[in-house]
Amino acid sequence: MGMTDVLIVGAGPTGLVLACDLARRGAAVRVVDRSPAPPRTSRAKGPNPRSLEILDDLGVAEEVLAAGSAPLPMLKYRDRRPVAEADPWADSAPSADARYGRGWLIAQWRLEGILRDRLAGYGVRVEPGREVVGLAQGRNEDESRGESRSGSDGDYGGHGAYGGHVDVTYADGPAGRARYVVGCDGAHSSVRKLLGIPFEGTTAEDQVMVCGDVDLADGVLDRTRWHQWFDEDGAVMLCPIPGTRTGWWFQAGPERDGRGRPLAPTADGFRRLLAHHTALPGRALTRAELLSTYRVNVRMADRFRAGRVLLAGDAAHVHAIAGGLGMNTGIQDAFNLGWKLGLVLAGHADAELLDTYEEERLPVAARTLDLTSERLRATLEAIRRPGGGLDAAITPDTTGLGVGYRWSSLAAGGRAQEAGEPGPRAGDRAPDAPCADATTGERTRLHRVFAGPGTTVLGFGPGSAAVLRETANAYGGDAGVRVCRVYAAHEDRAGAEPGAVVDDAGHVAAAYGTEASGDPAAGTVVVVRPDHHVGVLAPADDARSVREYLRRLHGTGRSAERSPGMVDAAR
């Protein structure tokens, strides 16, 4: 039986982002999905600014922007008449440290299609109609070669000690084997159930919404607005689906039977709701598909890892729809996990690096549950008043740009910053900033420098040259570590190495709090993880913090064979 590196179960945005990230690292990836064909779903309305940065890193952001549209102003009605308009994104614009000032509207099935095409470019295709029904974690000959050097692959949940692989059984067809399995298979995750991991939380049976993709007769409603009718006895929301001429996302409070119980969604039911709440006749709705009932589910797995099996996205956490964070949290889970799996599979990092996935993402999921529940409460409160609407759910928190991991064991080392000091701290998202290529003068930006699967070491000030040189010698370009000297506008850059940048407008120094001091030997070194988070922020003379951090992620590099003295000195 052939061994694959990572089996990803579930081909939604979370699974596809993870697959693309691993495939570009050279990992052998399989993606299976129980649906016989790619599911067309209209739950998620698009990526937030942080997810757009991730999609940009994967090389698909331009395509996503072209296939979607900017978020639309909301037109709100009461008793069929327009009463208010709001554009929660009116003031959001790209800034020096964040290229995407607002999220983007795109049908989830369009986004998935773009990611599947990108994955196909790496020679990986989703395998449809493959349902996982069994997982057994076993030992194999890899163990004796020391492939799993970490105690964290030991006894999980009564499976006994194991470490080498996971045997996977499907509902039909031959079994498979993988070094790791990641369940990205949604709220009803088979992988989570097979692991016996509890999914604690609540389902609010009374907070129900019916959803679907509908066609409205051409011209009956302005497609430059997201229309929202909120009445005492229910609501209808219609948002145009980008890339279609007559397609709309339909969301509404359900019809109810004589005892007040919600009725299942039907095309005729949608027509009745439309006629009741809006000034449109029911017949204006010409087609309805992908009908579903959404209940407010707030649940979270109590762990995201059991040995060689991990959970991501809705398989690990589900929350209220308010603020549109479901798909985005999953995409961000995948981006946190991909590089860690990649480094462990390549033999650079110990398997215990995978423990930092749960350490970092579980608290983020817990906070997202609280945030979305609070936004839902605010929205339900707002729509009781004429003119209130879904804009109550949009806050700066929903951009994803503020999510960081200051508590993480991967945010240790380097200098402690004082409160109020400018610049990020270890664990924070590494800011973007416009700059210029030091050798060609071409415009670029830091997230371009970070793009791709590597770790980046930024050096500020002349004092950083020695650390950058040592890092380049130890890791070269082949181990996924790159160095980038950031020159201030006034610095002499004769002899600048390829890849160096000039902070010609001061945006990088402002973002990182590294304004030059009078000391010519001074400087700062910032290690940026592959997922654009700061690992170490240290004075340039603290080479040890940089060395130890890189060793934890990337091993000792090429220097181990050539110069054992340096490695010993670093211990």
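So, how are H2 and H7 oriented to each other? Before I get to that, a quick reminder that we're looking at a predicted model.

Okay, the helices. H2 covers residues 49-57, and H7 covers residues 326-345. Their axes sit 9 Å apart, and the two pack at an angle of about 45 degrees. Angles under 35 degrees would count as roughly parallel, and 65 to 115 as roughly perpendicular, so H2 and H7 come out as oblique to each other. If you turn the model around, you'll find that the crossing of H2 past H7 is left-handed.

Who's touching whom? On the H2 side, look for Arg50, Ser51, Ile54 and Asp57; on the H7 side, they meet Asn328, Ile331, Gln332 and Phe335. It's a mixed bunch: 3 nonpolar, 3 polar and 2 charged residues make up this contact.

Now let's jump along the chain to strand E21, residues 524-528. Is E21 mostly covered or mostly open? Mostly covered: 5 of its 5 residues are buried. And that goes for both faces, with Thr524, Val526 and Val528 on one side, and Val525 and Val527 on the other.

E21 has strand partners, too. Strand E18, residues 455-460, runs antiparallel to E21, and 5 bridges join them. There you can spot Val457 opposite Val527 of E21. Then there's E22, residues 534-539, also antiparallel to E21 and joined by 5 bridges. In that pairing, Thr524 has Pro539 of E22 as its bridge partner.

One last thing to zoom in on: the E21 and E22 hairpin has 5 residues between the strands, and in this hairpin His532 takes a positive phi near 65 degrees.

Definitions and conventions. Residues numbered from 1 in each chain as written. Predicted model: local features only at pLDDT ≥ 70, side-chain atom pairs only at ≥ 80, totals over all residues. Heavy atoms only, no water. Axes fitted to C-alpha atoms, helices over the stretch in contact; angles between N-to-C directions. Helix = DSSP H or I, 4+ residues; strand = E, 2+ residues; numbered from the N terminus. Parallel < 35°, antiparallel > 145°, perpendicular 65-115°, else oblique. Left-handed = near helix turned anticlockwise from the far one by under 90°. Contact = heavy atoms within 4.5 Å. Nonpolar A, V, L, I, M, F, W, Y, C, P; charged D, E, K, R; others polar. Buried < 20%, exposed > 50% of the residue type's maximum accessible area, 1.4 Å probe, protein only. Pairing = 2+ DSSP bridges.
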